[in-house]
Amino acid sequence: MKCISSLRMKAIDRNCEYLGLLPIQLMENAGAAIAQSVREKLGSGRVLFIAGRGNNGGDAFVAARHLAGSSGYIVKLILLGKARDIGTKEAFHNFSLLKFSRVEVIEITDSSQFEAEASDWYSEADLLVDAIFGTGIKGKIKEPESTAIDYINREGRAGKKIISIDIPSGLDPDGGSFEKAVHAGLTVTFHRMKTGLMSEKAKEYTGIIRVAEIGISADAEQYVGPGDLMTLRRRESSGHKGDSGRILVIGGGPYSGAPALAALAALKAGADLVTAAVPANVAEIVASYSPNLIVRKLSSNILCPEDVSILLDLINSHNVVVMGMGLGRAPETLETVRKILPFCRKAVLDADALAALSDTVFESLAGNCDLIITPHAGEFALLRDMKTPENQDSRIKAVREFSEKKGVVTLLKGKIDIISDGKQTLLNRTGNTGMTVGGTGDVLAGLTGSLFSRNPAFLAAACAAYINGAAGDLAFEKAGNGLLATDILEKIPEIIKEADIG
Ligand SMILES: NC(=O)C1=CN([C@@H]2O[C@H](COP(=O)(O)OP(=O)(O)OC[C@H]3O[C@@H](n4cnc5c(N)ncnc54)[C@H](O)[C@@H]3O)[C@@H](O)[C@H]2O)[C@H](O)CC1
Ligand SMILES: [K+]
């Protein structure tokens, strides 16, 4: 069964919101699924919900309302804390609806209140629903939550039915470890199995696990969105120069704009230091584009084997190499690419550098170099020696299989970008017709390198595709089809700032 982490689940939730499916709608569906599970376990009787102040509690508020509307149930709810401290507007909204729903509610703020005020509520219940924490649990369990768990388990030992919402409270949703946790007879988890529920230790706490669908849109999971950006590593506020990425761009010779665009994109996406190593004829031109660039002049007018020693020094002092933009495909250039690649720990290969790849090169890199390739359909066809399929499903399959076989992350550029590492695959639909102009691929390569310096390859490539397209969409509003790659550069910081990852 496919499991997901709590972070991925949060990313999908955020992507739903981006698509217009609001958190309160998901909460309503989650609560309805819980109410249905209660009905299946108990035809009629007394049901007690024990709810925390997060969204796990929010699901309980919805479920209690649904159940109180069904005949045959007496529904009570213990809120652990004060109503004013409920953490989200969705949970608070649903809590407010309880006063119109024939659900009796008490607030417990201190563990000493349990004996006098809540003990009877526990003992008279036929079924208890645990909604203290779900995926939001952090650190040591405090009071009154800790005592609330003890009381639930006391009733469980007495043979009562216990249903946990999403996760038995106390269990770490990812690792499955715990200091104490609810012993449930049934756990109703949402959308997908959570990794922590599958752990050996968790088994005796979860009881039977049911995965309930809560209406999450397929696209929220299949397409990159702001939720994925949320999972990127933030820049350290106390970081030193270089901590947020040292990027080496190797490009140019026949062209001068391409390496400059990649280098500037890396800077705009938050890299601290970017060095462009470029052939001698274009070094001054590239430097003249921006005072922000550090330019290293190579020995000749094309990249050639005489440059290998200086390039190896540069590779050692940078953490990601972005290579290929405007390099040309002279045999000595491709030979140089092949010579230096095994020394790169992390590399993004674009454009002409892709022509240096072969099965032998891929094999020699396996395990040494973490590689992202960013071909368009034509370059991908050359890499595979096979036409790139037009049909979307066949294209996805081709990218997935190629990435798995070669041990790389592929970002296949197109109207819909496809990103895969062979196991995970994401699609990206940001971007527009104006972006067929030259240079947008160079921007994407630099952007990818910048994110790659702080993040895993797959996430970096997927988020770079999204940011590049989203920056292009913003630029398109003003420039329309007269959009230039430099317009996209200008919009990158806005997208990064909006996503709060700068
Ligand atoms: N797509 C979905 O799966 C949906 C899931 N929903 C539910 O939302 C919860 C996650 O909600 P969140 O608000 O992020 O966190 P929790 O409710 O699990 O917990 C936060 C709550 O608990 C307090 N807290 C955290 N740690 C401790 C501690 N050690 N001791 C005491 N108190 C603690 C914290 O202060 C907060 O008050 C998910 O599991 C689902 O049930 C959505 O409703 C629908 C979409
Ligand atoms: K729970």
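# Worked exercises on a predicted model

The UniProt annotation "domain: YjeF N-terminal", from an unreviewed entry, covers residues 9-222; such annotations may be inferred rather than shown by experiment. This is a predicted model, where local features need pLDDT of at least 70, side-chain atom pairs count only at pLDDT 80 or more, and totals for chains, interfaces and linings use all residues. Residues are numbered from 1 along each chain as its sequence is written, and side-chain values use heavy atoms, with hydrogens and water left out.

**Exercise 1.** Describe the stretch 9-222 and the open sheet of seven strands.

*Solution.*
- Start with composition: residues 9-222 are 40% helix and 20% strand, and the end C-alpha atoms lie 13 Å apart. Helices (H or I, at least four residues) and strands (E, at least two) are DSSP runs, numbered from the N terminus.
- Next, trace the sheet: its order is 4-3-2-5-6-7-9, with parallel pairing. Two strands pair if DSSP finds at least two bridges between them.
- Now look at the edges: strand 4 (104-108) and strand 9 (208-212) each have a single partner strand, so one side of each is left without a neighbour in the sheet. From one strand to the next, the twist averages 20°.
- Finally, zoom in: strand 5 (residues 127-131) and strand 6 (residues 161-165) run parallel and are joined by four bridges. Leu-127 has Lys-161 as its bridge partner in strand 6.

**Exercise 2.** Find what lines the largest pocket.

*Solution.*
- Begin with its space, about 1,000 Å³.
- Then list the lining: there are 35 residues, with Gly-54, Asn-55, Asn-56, Thr-135 and Gly-136 nearest the centre. On a 1 Å grid over the protein atoms alone, a pocket is an open set of points where a 1.4 Å probe fits, with protein on both sides within 12 Å along at least five of seven lines; lining residues have an atom within 4 Å of a point.
- Last, assign helices: helix 1 (6-19), helix 2 (23-41) and helix 3 (55-68) each supply at least two lining residues. The largest share, five residues, comes from helix 1.

**Exercise 3.** Examine the hairpin formed by strand 17 and strand 18.

*Solution.*
- First, check direction: strand 17 (residues 417-420) and strand 18 (residues 425-428) run antiparallel, joined by four bridges.
- Then pick a pair: Ile-418 stands opposite Leu-427 in strand 18.
- Close with the turn: four residues lie between the strands, and Gly-422 in the turn has a positive phi of about 100°.

Conventions: Chains lettered and ligands numbered in written order. Axes fitted to C-alpha atoms, helices over the stretch in contact; angles between N-to-C directions. Points joined across faces, edges and corners; volume = space filled by probe spheres on them.
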